[in-house]
Amino acid sequence: MFDLMRSCHKVASVGKASSSKRTKRDLGHTVREQEVLAAATAGYFMAIRVGFGFPQAEYNKFPEAWVAEYTRDGLMIEDPVMRWVYRNVGAVRWSELTLADSSGVLARAAHHGLRHGLSISCQDADGAFRSFGSFARPDREFHDEEVAALCDVMDWRHNNSKPLVQLTAAEREALGLVRDGLLLKEIARELGISETAVKQRLKNARIKLKARNGSHAVSIAVKASLI
């Protein structure tokens with residue numbers, strides 16, 4: 001198993017680089033990432049910065065037939081890989097998993113060419129957001145060097161996909177209540193503030209998110225896992 005926490009902190013520390021340096025670094029990483037992902041010849045899946053709701057970004061390159069079968073039969077809740085990535089930080093080859101697989105998810109995946117797999121999970125220091133990925137080959141296990149390189153890819157994706165917009169706790173709280181269907185007067189009563197104050201918080205959030213209206217602001221915030 002590979003511990004990702006040290007490298008996560010290392011990547012997170014480069015955020016003060018200049019814009020031009022960041023651009024060159026990002027372009028260089030993109031080329032390197034494509035080379036690394038090529039090792040997953042049977043496909044891969046990455047969910048980036050998963051909070052309470054949906055991931056901020058998702059990349060699914062698994063065979064369409066497997067995705068259809070997995071979705072149709074609701075295999076996610078039975079999948080030992082998914083249980084592992086939500087309980088651990090690090091990397092594990094599927095052949096090393098000891099979790100029960102009563103529905104034979106891994107055997108069914110093998111029928112689609114996903115015979116040798118690797119899963120990686122990393123998260124913020126405070127545990128607020130998690131990213132995970134699964135990578136597969138039909139012919140052999142992933143070599144240690146490939147595992148380390150894929151860990152770097154997940155580290156990078158996780159730490160460089162943080163929302164560019166930073167909402168205050170008060171703005172997130174107000175947007176969350178709008179998402180839950182509360183009216184302005186109900187939000188004001190819930191928070192113990194005036195309706196004018198609620199409107200100002202929502203206006204500030206809308207401007208930061210460059211949203212057309214309140215509903216659009218909520219939609220953007222949900223997709224970015226800000227609320």
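Which strands does helix α6 (residues 144–159) lie across, and at about what angle does the helix run to β4? In this predicted model, helix α6 lies across β1 (43–50), β2, β3, β4 and β5 (130–137), and its direction makes an angle of about 35° with β4.

**The sheet**

The strands crossed by this helix belong to an open sheet of 5 strands, arranged in the order β2-β1-β5-β4-β3 with antiparallel pairing. Its edges are formed by β2 (55–60) and β3 (90–93), each of which pairs on one side only. On average, neighbouring strands of the sheet are turned by 5° against each other, direction ignored. In general, strands of a sheet pair through backbone hydrogen bonds, in either a parallel or an antiparallel sense. At one edge, β3 pairs with β4 (residues 116–123) in the antiparallel sense over 4 bridges. Within β4, S121 is the bridge partner of G90.

**Two residues and their surroundings**

P55 lies in strand β2, an edge strand of the sheet. Leaving aside residues up to four places away in sequence, P55 touches A47, I48, R49 and V50, together with K223 and S225.

V85 is found in helix α4 (residues 80–87). With a relative accessibility of 1%, V85 counts as buried, because the cut-off for that class is under 20%. Again apart from residues up to four places away in sequence, V85 touches S119, I120, S121, R130 and F132. S121 thus appears twice in this account: as a contact of V85 and as the bridge partner of G90.

The C-alpha separations for one pair involving each residue are listed below.

| Pair | Separation in sequence | C-alpha to C-alpha distance |
|---|---|---|
| P55 and S131 | 76 residues | 8.1 Å |
| V85 and S121 | 36 residues | 5.3 Å |

**The α7–α8 helix pair**

Helix α7 (residues 169–179) packs with helix α8 (residues 184–191) at an angle of about 130°, and their axes are 10 Å apart. The two helices are therefore oblique to each other, and α7 passes α8 in a right-handed crossing. On the α7 side, the contact is made by E173, A174, L177 and V178, while α8 contributes I187, E190 and L191. By class, this contact has 5 nonpolar residues, no polar residues and 2 charged residues.

Notes: Residues numbered from 1 in each chain as written. Predicted model: local features only at pLDDT ≥ 70, side-chain atom pairs only at ≥ 80, totals over all residues. Heavy atoms only, no water. Pairing = 2+ DSSP bridges. Axes fitted to C-alpha atoms, helices over the stretch in contact; angles between N-to-C directions. Contact = heavy atoms within 4.5 Å. Parallel < 35°, antiparallel > 145°, perpendicular 65-115°, else oblique. Left-handed = near helix turned anticlockwise from the far one by under 90°. Nonpolar A, V, L, I, M, F, W, Y, C, P; charged D, E, K, R; others polar. Buried < 20%, exposed > 50% of the residue type's maximum accessible area, 1.4 Å probe, protein only.
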